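Visitor: Could you take me on a close look at the space enclosed inside this protein? I'd like to hear what lines it and what sits around it.

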Amino acid sequence: MEKLLDGIYKVRRDPSSAGFGYSYLLKRKAGNVLLSRLGDGITIGREYRDIQTAGGIRVIFITDYHFGAKICEEIAEKFDAECFCSTIEKQKLKKKGLEKVSAFPFEHHAFSKDLEIVPVPGHTSGGVALLWTNDGARYLFTGDFLYNSGKAGWIAGSKSRRKIEDSLQLIKELGFDFLVGCGDDECGSPYLHLPTKEEKVRFIDGILAALK
């Protein structure tokens, strides 16, 4: 693993795994969180030792069904963790063979004292972002709902403004310091520092302007 930001580590795919983007490990006193970027055929076995050294995993979040595969349940069993997704994405994950995923309400709410669930439909119907507060800083994890694609820069994971505009407008109003997408190193930095509302508004307005 490689440290990205305070308490946040990039969990890299195994070399044999095709795909895009990182999973992230959030190191917390209340128990570490794995933010899954684990589609079919993706494994992270080479990172298990470092994950164990960092304190293991307590919770695995699947923010949308694209990021869920049977490997999530295998990792949960290995580390004695529990998998979570929204009530909407749970039905889609069940069709992919995942039977041991717990569901949380598809609404903006506190999952725990330091973690908030933020619904961001548009990329998928039940997709969520995760807002983590750590040592006074707030990190919004957006997966491939909003990420650095490299050549095209930061983009939304939907080409339809109609489907995604409300979710982007919501992000404008959230209080956060860093926006963390799922991009790979070759795409440039997977995160942005947006400490002021003006910077958030300018960034989101640019994303909206690029949508049809």
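**The largest cavity and its surroundings**

Guide: The largest cavity holds about 90 Å³ of space. Keep in mind that we're looking at a predicted model. Searching the whole structure turns up two cavities of 30 Å³ or more, and we'll get to the other one in a bit.

Let's start with the walls. Thirteen residues line the largest cavity, and those nearest its centre are Tyr24, Leu35, Phe67, Phe141 and Gly143. Two elements, β11 and β14, each give two or more residues to that lining. Strand β11 gives the most, with three residues. Sort the lining of the largest cavity by class and you get seven nonpolar residues, five polar ones and one charged one.

Now follow β11 and β14. Strand β11 covers residues 137-143 and runs parallel to β14, with four bridges joining the two. One place to look is Phe141, whose bridge partner in β14 is Val180. So Phe141 does two things here: it is among the residues nearest the cavity centre, and it has that partner in β14. Val180 also has a bridge partner in β15, namely Tyr191. That second pairing, between β14 and β15 (residues 191-193), is antiparallel and has three bridges.

What about the faces of β14? Both are covered: Phe178 and Val180 are buried on one side, and Leu179 and Gly181 are buried on the other.

Tyr24 and Leu35, also among the residues nearest the cavity centre, take us over to another pair of strands. Tyr24 falls within β3 (residues 23-26) and Leu35 within β4 (residues 33-35), and these strands pair antiparallel over three bridges. Within that pairing, Leu26 stands opposite Val33 of β4. Both strands belong to an open, seven-stranded sheet with mixed pairing, in the order β1-β2-β3-β4-β5-β6-β7. At its edges are β1 (2-5) and β7 (101-104), each pairing on one side only. On average, neighbouring strands of the sheet are turned by 30 degrees against each other, ignoring direction. Packed on this sheet is helix α3 (residues 87-95), which touches β6 and β7 and points at about 115 degrees to the direction of β6.

Back to the other enclosed space. The second largest cavity has a volume of about 50 Å³. Its lining includes Thr63, Asp64, His123, Thr142, Gly143 and Phe145. Notice Gly143 again: it lines this second cavity and is also one of the residues nearest the centre of the largest one. By class, the lining of the second largest cavity has three nonpolar, six polar and two charged residues.

For contrast, have a look at the largest pocket, which holds about 150 Å³. Elements giving it two or more lining residues are α2 (70-79) and β6 (82-86), and α2 has the largest share, with five. The pocket's lining has three nonpolar, no polar and seven charged residues, and Glu73, Glu77, Cys83 and Lys100 are among them.

One last spot, just before β11: Asp135 lies in the loop between β10 (128-134) and β11. Is Asp135 buried or exposed? Exposed, because its relative accessibility is 69% and the cut-off is over 50%. The C-alpha atom of Asp135 is 25 Å from that of Cys83, a residue 52 positions away along the chain.

Key. Residues are numbered from 1 along each chain as its sequence is written. This is a predicted model: local features need pLDDT of at least 70, side-chain atom pairs count only at pLDDT 80 or more; totals for chains, interfaces and linings use all residues. Side-chain values use heavy atoms; hydrogens and water are left out. On a 1 Å grid over the protein atoms alone, a cavity is a set of points where a 1.4 Å probe fits but cannot get out, and a pocket is an open set with protein on both sides within 12 Å along at least five of seven lines; lining residues have an atom within 4 Å of a point. Grid points are joined across faces, edges and corners, and a volume is the space filled by probe spheres set on the points. Ala, Val, Leu, Ile, Met, Phe, Trp, Tyr, Cys and Pro count as nonpolar, Asp, Glu, Lys and Arg as charged, and the others, Gly among them, as polar. Buried means under 20% relative accessible area, exposed over 50%, partly exposed in between (1.4 Å probe, protein chains only). Two strands pair if DSSP finds at least two bridges between them. Axes are lines fitted to C-alpha atoms, for helices over the stretch in contact, and angles run from 0 to 180 degrees between N-to-C directions. Contact means heavy atoms within 4.5 Å.
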